[in-house]
Amino acid sequence: MSLRFRLTALYAGLFLITSAALLVTVNVLLRAVLERRVDMLMRTPSTLPGPPIRAVEAEIERAIGALPDLVLAYQWDFTLLVMVVLTAVALGSGWWMAGRVLRPIHHITATARRLSLSNLHERIALRGPHDELRELADTFDAMLERLERSVDTQSRFAANASHELRTPLAIQRAAIEIGLADPGPEELARIRHELLETTKRSERLIDGLLLLAQSDRGLVDLEEIALDELVRQVVAELVAGDLDVRLDPEPCTVTGDPVLLTRLVANLLDNAIRYNRPGGSVTVSLYGERRLVVSNTGQVVPGERVGELFEPFRRLHSRTRSLGGAGLGLSIVASIAAAHDAEVRAEANAAGGGLTLEVRFPAGERAS
């Protein structure tokens, strides 16, 4: 049975039950009142003048005694007729009312059936009072908006990933086809170096894609991690050369995946080192309220474009491609932070160029 039929039966059933209860109650009370009034009339002495006429009195008594049954019989017949009429009215009005109530649901269903990847921009845009159905439609529209953004992001990501993967393959193919046609010893050494570099670039890109997919799936292994010790370890492994690194970690413990958190800190530090200037500096600060701040010197970052840094394969400067990055560092940071319910903020430095990145972990233990 359809929902409309069930609602109609429910409306009509409730209406008929309450109507029948009302009419039966009225009839029972009416019978009680009539019987009481008839009993009072029959006990009242006759006030007619003259000698009593027994035959007339007996006939009057019978008529008065039969009056409740006659009235109630008429009343019950009328009640049955009214119930039949009310049943028809209740069914008709219930069917119409159920249709009115379910009309927005039909609209939502029709919109959902039309949707595909090519028309995710459509919305239900339900009008009317802010009731439960309007809330359902607005929730569905919000879900469609999130889904549209996700599909657009995935489409751009797939296109960018295919482009990034095609570039080193094209370089390798050109080096093999052209460079190895008639190579000398120096040419072989150059081609070997070039092939190794493009292979390393492809490996970094694939590793980044796999890590990004892993962080998007969520967390599996959760444990208490001394974030200050992890930061010291990553800094000791990555920092080399004449770069000035200032480390100021306070004792801090967070709950999360140790592998992903290590990669988060490593990507932040690698980004600060890779996109720095010669003789520049990096400041790594960790505060007890679970706040990690990494700041560096470097090129001037336009403030209005800071948000683009967290998008995959997005580079703000043309020369950053030559630095060997895959363009996934900060997007991986954002994904890992989201998996840990942490908040990532980026701010362009006003003086000296560079960027300040802050990761704020939630207070207390993360809900699993």
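Two strands pair if DSSP finds at least two bridges between them. Keep that rule in mind for the sheet described below. The model is a predicted one.

Start with the whole chain. The protein chain has 368 residues, and 32% of them count as buried. It holds seven helices and seven strands. Read along the sequence, the pattern is α-α-α-α-β-α-β-β-α-β-β-α-β-β. Now look at contacts between residues at least 6 apart in sequence. Of these, 69% join residues at least 24 apart.

Helix 2 spans residues 54-114, and V89 is found in this helix. V89 counts as partly exposed because its relative accessibility is 45%, and partly exposed means between the 20% and 50% limits. Next, find F15. V89 and F15 are 74 residues apart in sequence, yet their C-alpha atoms are 10.0 Å apart in space.

Now turn to the sheet. It is an open sheet of five strands, with mixed pairing. The strand order is 2-4-5-7-6. At the edges are strand 2 (244-249) and strand 6 (343-348), and each of them pairs on one side only. From one strand to the next, the twist averages 10 degrees.

Begin at the strand 2 edge. Strand 2 pairs with strand 4, residues 281-287, in the parallel sense. Six bridges join these two strands. Two partners are easy to find. L247 has V284 in strand 4 as its bridge partner. R246 stands opposite T283, also in strand 4.

Move on to strand 5 (291-296). Strand 4 and strand 5 pair in the antiparallel sense, again over six bridges. T283 appears here too: its bridge partner in strand 5 is S295. So which residues does T283 link up with? R246 stands opposite T283, and S295 is the bridge partner of T283 in strand 5.

Strand 4 and strand 5 also form a hairpin, with three residues between them. In the turn, R290 has a positive phi of about 65 degrees. Strand 4 itself is mostly covered, with five of its seven residues buried.

Helices lie across this sheet. Helix 5, residues 227-238, lies across strand 2, strand 4 and strand 5. Its direction is at about 165 degrees to strand 2. Helix 6 lies across strand 4, strand 5 and strand 7 (355-360). Helix 6 runs at about 20 degrees to strand 5.

Next, look for empty space. The structure holds three cavities of 30 Å³ or more. The second largest has about 40 Å³ of space. Which elements give two or more residues to its lining? They are helix 6 (258-274) and strand 5 (291-296). Helix 6 gives the most, with three residues. The full lining is V235, V265, L268, L269, V284, L292 and V294. By class, that makes seven nonpolar residues, with no polar and no charged ones. V284 is a residue you have already met, as the bridge partner of L247.

Two of the lining residues are L268 and L269. Beside them in the numbering comes N267, which is found in helix 6. Is N267 buried or exposed? N267 is buried, because its relative accessible area is 8% and buried means under 20%.

What does N267 touch, leaving out residues up to four places away in sequence? It touches G329, I332 and V333. N267 can also be compared in position with S331. The two are 64 residues apart in sequence, but 9.6 Å apart in space, C-alpha to C-alpha.

That leads to helix 7, residues 329-339. Helix 7 is mostly covered: eight of its eleven residues are buried. The buried ones are L330, S331, I332, V333, S335, I336, A337 and A339. Two of these, I332 and V333, are touched by N267. Just after helix 7, D341 takes a positive phi of about 60 degrees.

One last point helps when you view any of these helices. An α-helix has 3.6 residues a turn, so residues three or four places apart point the same way.

Definitions and conventions. Residues numbered from 1 in each chain as written. Predicted model: local features only at pLDDT ≥ 70, side-chain atom pairs only at ≥ 80, totals over all residues. Heavy atoms only, no water. 1 Å grid on protein atoms, 1.4 Å probe; cavity = no way out; pocket = protein on both sides within 12 Å on 5 of 7 lines; lining within 4 Å. Points joined across faces, edges and corners; volume = space filled by probe spheres on them. Helix = DSSP H or I, 4+ residues; strand = E, 2+ residues; numbered from the N terminus. Nonpolar A, V, L, I, M, F, W, Y, C, P; charged D, E, K, R; others polar. Axes fitted to C-alpha atoms, helices over the stretch in contact; angles between N-to-C directions. Contact = heavy atoms within 4.5 Å. Buried < 20%, exposed > 50% of the residue type's maximum accessible area, 1.4 Å probe, protein only.
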